[in-house]
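User: I would like to go through a structure with you and ask about its side-chain contacts, its helices and a few backbone details. Could you take the points one at a time?

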Amino acid sequence: MIENEVLQRIREFLKLNRWSIYKLAKESGIPYSSLNNCFLRNTCPTIPTLEKLCAGLGISLSDFFNFKENPLRDTSLSEDEQNLLSAYRKLSIRDKELLNAYLDGLSRKRR
């Protein structure tokens, strides 16, 4: 039972990010064949594999298992805002700092 829920959850994140299994494997550092075999054989990935998948998705393991709501989407935001937020969460700390400085500069120009 849990295997189906975990694999379905991975599919949800793939759909939200518009990623293929191959793209998730690359982003997570997991061999494509290993990840694809989970789907073909309907087997649950191990916890270390799930941790790598979550890192590749830019979410925590806790977010992954939050089945009641999707941590990447907020219905009060537009699709563009949701995509920006999703991309932002995947940035390094340094890149987030640079982006925040850039956005601060842009918002000051418009005042």
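The conversation below takes up salt bridges, aromatic rings, cysteines, one helix, a surface patch and backbone angles.

User: Before the details, what kind of model is this?
Analyst: This is a predicted model.

User: Let us start with charges. How many salt bridges are there?
Analyst: The count comes to four salt bridges. As background, side chains of opposite charge can pair when their charged atoms come close.

User: Where does the one between Glu12 and Arg9 lie?
Analyst: Both residues belong to helix H1, residues 2-17, and are three residues apart, about one turn of the helix. The distance between Glu12 and Arg9 is 3.0 Å, N to O.

User: Is Arg9 buried or exposed?
Analyst: Arg9 is buried, because its relative accessible area is 2%. Its partner Glu12 has 32% relative accessibility and therefore counts as partly exposed.

User: And Glu27, which residue does its side chain meet?
Analyst: Glu27 meets Lys23 in a salt bridge of 3.0 Å, N to O. The two are four residues apart in helix H2, residues 21-28, so about one helical turn separates them. Glu27 is partly exposed at 40% relative accessible area, and Lys23 is also partly exposed, at 33%.

User: What about Arg108 and Asp104, how far apart are they along H7?
Analyst: They are four residues apart in helix H7, which means a separation of about one helical turn. Their side chains form a salt bridge at 3.1 Å, N to O. Arg108 is exposed, with a relative accessible area of 53%, whereas Asp104 is partly exposed, with 31%.

User: While we are on H7, which residues make the nonpolar surface patch?
Analyst: Tyr102, Leu103 and Leu106 make a nonpolar surface patch of about 290 Å². Of these, Leu103 is found in helix H7, which runs over residues 93-109. Leu103 counts as partly exposed because its relative accessibility is 43%.

User: Changing topic: how many aromatic pairs does the structure contain?
Analyst: A search of the whole structure finds three aromatic pairs. One of them joins Phe64 and Phe65, with ring centres 5.1 Å apart and 85 degrees between the planes.

User: What sort of geometry is that?
Analyst: The pair of Phe64 and Phe65 is edge-to-face. An angle over 60 degrees between the planes counts as edge-to-face, and the angle in this pair is 85 degrees.

User: Which residues form the aromatic cluster?
Analyst: Phe13, Phe64 and Phe65 form one aromatic cluster. Within that cluster, Phe64 has 1% relative accessibility and so counts as buried. Phe65, at 32%, counts as partly exposed.

User: Next, the cysteines. How many disulfides are there?
Analyst: The structure holds zero disulfides.

User: Why is Cys38 not bonded to Cys44?
Analyst: The sulfur of Cys38 is 7.7 Å from that of Cys44, which holds the closest cysteine sulfur, so the two are too far apart for a bond. A disulfide would need the two sulfur atoms within 2.5 Å. Cys38 is buried, with a relative accessible area of 11%. Cys54 counts as buried too, at 2% relative accessibility.

User: Which other residues of H3 are buried besides Cys38?
Analyst: In helix H3, residues 32-41, Leu35, Asn36 and Phe39 are buried along with Cys38. Because they cover an arc of only 145 degrees around the axis, they lie on the same side of H3.

User: And what does the face turned away from that buried side carry?
Analyst: That face of H3 carries the exposed residues Leu40 and Arg41.

User: Last topic, the backbone. What is notable about the phi of Arg18?
Analyst: Arg18 has a positive phi of about 55 degrees, although it is not a glycine. For context, most residues other than glycine have a negative phi. Arg18 is placed in the loop between H1 and H2, and it is exposed, with a relative accessible area of 61%.

User: Where does Asn42 lie?
Analyst: Asn42 lies in the loop between H3 and helix H4, which spans 47-57. Asn42 likewise has a positive phi of about 55 degrees without being a glycine. At 37% relative accessibility, Asn42 counts as partly exposed.

How values were computed. Residues numbered from 1 in each chain as written. Predicted model: local features only at pLDDT ≥ 70, side-chain atom pairs only at ≥ 80, totals over all residues. Heavy atoms only, no water. Patch = residues over 30% accessible without salt bridge, like charges linked within 9 Å, V, L, I, M, F, W, Y side chains within 5 Å. Areas by Shrake-Rupley, 256 points an atom, 1.4 Å probe, with all protein chains shown as cover. Buried < 20%, exposed > 50% of the residue type's maximum accessible area, 1.4 Å probe, protein only. Phe/Tyr/Trp six-rings, centres within 6.5 Å; stacked < 30°, edge-to-face > 60°. Arc of directions from axis to C-beta.
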